[in-house]
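Hi,

Here is the structure I promised to pass on. Have a look at it first, and my notes on what turned up follow below.

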Amino acid sequence: MQQPGNSTLPFGLGKVKRTSLCVTPTPIHRWRAPGIPEDVELYIKRDDCTGFECSGNKIRKLEFLLAEAVASGADCIVTIGGTQSNHCRATVLACRRLGLQPYVILRDDQDPEHATRPLDASADSSNFAGA
């Protein structure tokens, strides 16, 4: 099981634990959007390049949350989200990488009393990863 690294970030009240789950820093690219005047410079942060199973920026917060969970001795994580939740998928995959048991509660926003819709690709990948 991977343990949180020694990486800490100083904040006013102490230090925050962080585990390394993604490739950082991700690149910043100039973006030439159609219809934008030439004298305007736009840049995009490429968090799709974190190297972590299509999670984008979600993995960044999980580096902090899961480091704290491991440091406190947790052996499982419970999260909740919609049936199309990329956060739930990223949480399941990150938990598996760290040796934590993920539990996912999926809600159906279309029918909150009865989750009757078929699961989509995000939910299916959560099931596939053993949540």
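Before the counts, a word on terms: helices (H or I, at least four residues) and strands (E, at least two) are DSSP runs, numbered from the N terminus. On that basis the chain has 3 helices and 6 strands. Going along from the N terminus, the order is β-β-β-β-α-β-α-β-α.

Keep in mind that this is a predicted model. The average pLDDT over the chain is 78, and 71% of the residues reach at least 70. Two stretches are weak. Residues 1–6 stay under 50 in pLDDT, and the model gives them 15 contacts beyond four places in sequence. Residues 116–123 also stay under 50, with 19 such contacts. Where pLDDT is low, the coordinates should not be read in detail, so please don't lean on the contacts in those parts.

Now the overall picture. The chain has 131 residues, and 31% of them count as buried. Among contacts with a separation of 6 or more, 59% are between residues 24 or more positions apart. About 8400 Å² of the chain is exposed, with carbon and sulfur atoms supplying 55% of that area.

Helix α1 is where I spent most of my time. Does its length add up, and what should the span be? Its 14 residues (58–71) should span 20 Å at 1.5 Å a residue, and the end C-alpha atoms are 20 Å apart, so the two agree. The buried residues of α1 are Ile59, Leu62, Glu63, Leu66, Ala67, Ala69 and Val70. As a reminder, an α-helix has 3.6 residues a turn, so residues three or four places apart point the same way. After the helix comes Gly73, with a positive phi near 90 degrees.

You'll notice a charged residue in that buried list, which brings me to the salt bridges. Searching the whole structure gives 4 of them, and here are three, including two that involve α1.

- Arg18 pairs with Glu63, with the closest N and O atoms 2.9 Å apart. Arg18 is in the loop between β2 (14–17) and β3 (28–31) while Glu63 is in helix α1, so the pair ties together parts that are 45 residues apart in sequence. Buried means under 20% relative accessible area, so Arg18 counts as buried at 18%, and Glu63 does too at 2%.
- Asp47 pairs with Arg60, and here the closest N and O atoms are 2.8 Å apart. This one links distant parts of the chain, with Asp47 in the loop between β4 (42–45) and α1, and Arg60 in helix α1, 13 residues apart. Asp47 is buried, at 14% relative accessible area, whereas Arg60 is partly exposed at 22%.
- Arg46 pairs with Asp48, the closest N and O atoms being 2.7 Å apart. Arg46 is partly exposed, with a relative accessible area of 23%, and Asp48 is exposed, at 54%.

One last residue to look at is Leu98, in helix α2 (residues 86–98). Is Leu98 buried or exposed? With a relative accessibility of 1%, Leu98 counts as buried. Leu98 and Leu21 are 77 residues apart in sequence, yet their C-alpha atoms are 9.0 Å apart in space.

Give me a shout if you'd like to go through any of this together.

Cheers

Notes: Residues are numbered from 1 along each chain as its sequence is written. This is a predicted model: local features need pLDDT of at least 70, side-chain atom pairs count only at pLDDT 80 or more; totals for chains, interfaces and linings use all residues. Side-chain values use heavy atoms; hydrogens and water are left out. pLDDT is the predictor's confidence in each residue, from 0 to 100. Contact means heavy atoms within 4.5 Å. The expected span of a helix is 1.5 Å times one less than its number of residues. Buried means under 20% relative accessible area, exposed over 50%, partly exposed in between (1.4 Å probe, protein chains only). A salt bridge is a side-chain nitrogen of Lys or Arg within 4 Å of a carboxyl oxygen of Asp or Glu. Accessible areas come from the Shrake-Rupley method with a 1.4 Å probe; for residues, only the protein chains shown count as cover.
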